[in-house]
Amino acid sequence: MKLPLFNESFTKISEEKRNKILQTATDYFAEHGFESSNINIIAKKAGISIGAMYSYFSSKEALFSTVIHYAVETLKSVMDEIMKGEDELLIKLEKIIRAVQFNSRTNILYTKLYGQLTAENRSDLTSQIVTDIESVTAGLYTALLEQAQKENVIRDDIDPRLFAFFLDNLLITLQFSYACTYYRERLKIYAGEDIFSDDELVATQLMKFIKSALLLNE
């Protein structure tokens, strides 16, 4: 079942007002999760009436789905920009890693919101959102690896779908390490207190790990 999004009235307000509502909702959902969030409080924090909020969104689910929709569109934009080029596999993977590092800092609330999704008990809500988010990277990573196999760039005995899953897990952990306190502290234990001042080291070492797993043909 496809989750509801915004009503047409939401598209008719100014971009500044739309952004304020979505930013406020993202902040609140990221802090409290879906179940514990109150759409009336979000409306107040966004500086609009409760009536106006419900004219834009029919329910809390619709508001939450819209926030996720915009987050997914941001992800698609970043990934499409990387994938449309003619770069070889390793260069694209490195660009993805650096994009994760950059966007985890600049869009920290999206990362925290993603983390909140893992704790939600609403199977209908979670299932659709997981499909919307993960289908983007699953399809792109799998296609990238399949093409590399066809070109005899990487070993042919790996399953592109499973390796895409393992790769995404590495990148999710990296993403959380920049945005979430627990994972930040965890990385510092492993790599030292000053690790967040050396993105270059993190990127190059992760690339070495991925390259060794793929056993790229020289």
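**Figure 1. The accessible surface of the chain.** In this predicted model, the chain exposes about 12200 Å² of accessible surface. Carbon and sulfur atoms account for 52% of that area. Of the 218 residues in the chain, 43% are buried. Measured out along the principal axes, the C-alpha atoms fill a box of roughly 65 × 40 × 30 Å.

**Figure 2. The helices and the two domains.** Here you can follow eleven helices through the chain, with zero strands. Read along the sequence, the pattern is α-α-α-α-α-α-α-α-α-α-α. Domain 1 covers residues 1-67, and domain 2 covers residues 85-214. Between the centres of domain 1 and domain 2, taken over C-alpha atoms, lie 28 Å. If you look at contacts between residues at least 6 apart in sequence, 68% of them join residues at least 24 apart.

**Figure 3. A close-up of Q101 in helix 6**. Helix 6 spans residues 89-106 and holds Q101. With a relative accessible area of 3%, Q101 falls under the 20% cut-off and therefore counts as buried. The side chain of Q101 reaches the backbone oxygen of D199 at 3.0 Å. Setting aside neighbours within four places in sequence, you will find Q101 in contact with L174, Y178, D199, V202 and A203.

**Figure 4. A nonpolar surface patch with F165**. Three residues to look for in this view are L162, F165 and F166, which make a nonpolar patch of about 320 Å² on the surface. F165 has its place in helix 9, which runs over residues 160-179.

How values were computed
Residues numbered from 1 in each chain as written. Predicted model: local features only at pLDDT ≥ 70, side-chain atom pairs only at ≥ 80, totals over all residues. Heavy atoms only, no water. Domains from an automatic or database assignment. Helix = DSSP H or I, 4+ residues; strand = E, 2+ residues; numbered from the N terminus. Buried < 20%, exposed > 50% of the residue type's maximum accessible area, 1.4 Å probe, protein only. Polar contact = N/O pair within 3.5 Å; in protein donor to acceptor, adjacent residues only side chain to side chain. Contact = heavy atoms within 4.5 Å. Patch = residues over 30% accessible without salt bridge, like charges linked within 9 Å, V, L, I, M, F, W, Y side chains within 5 Å. Areas by Shrake-Rupley, 256 points an atom, 1.4 Å probe, with all protein chains shown as cover. Salt bridge = Lys/Arg side-chain N within 4 Å of Asp/Glu carboxyl O.
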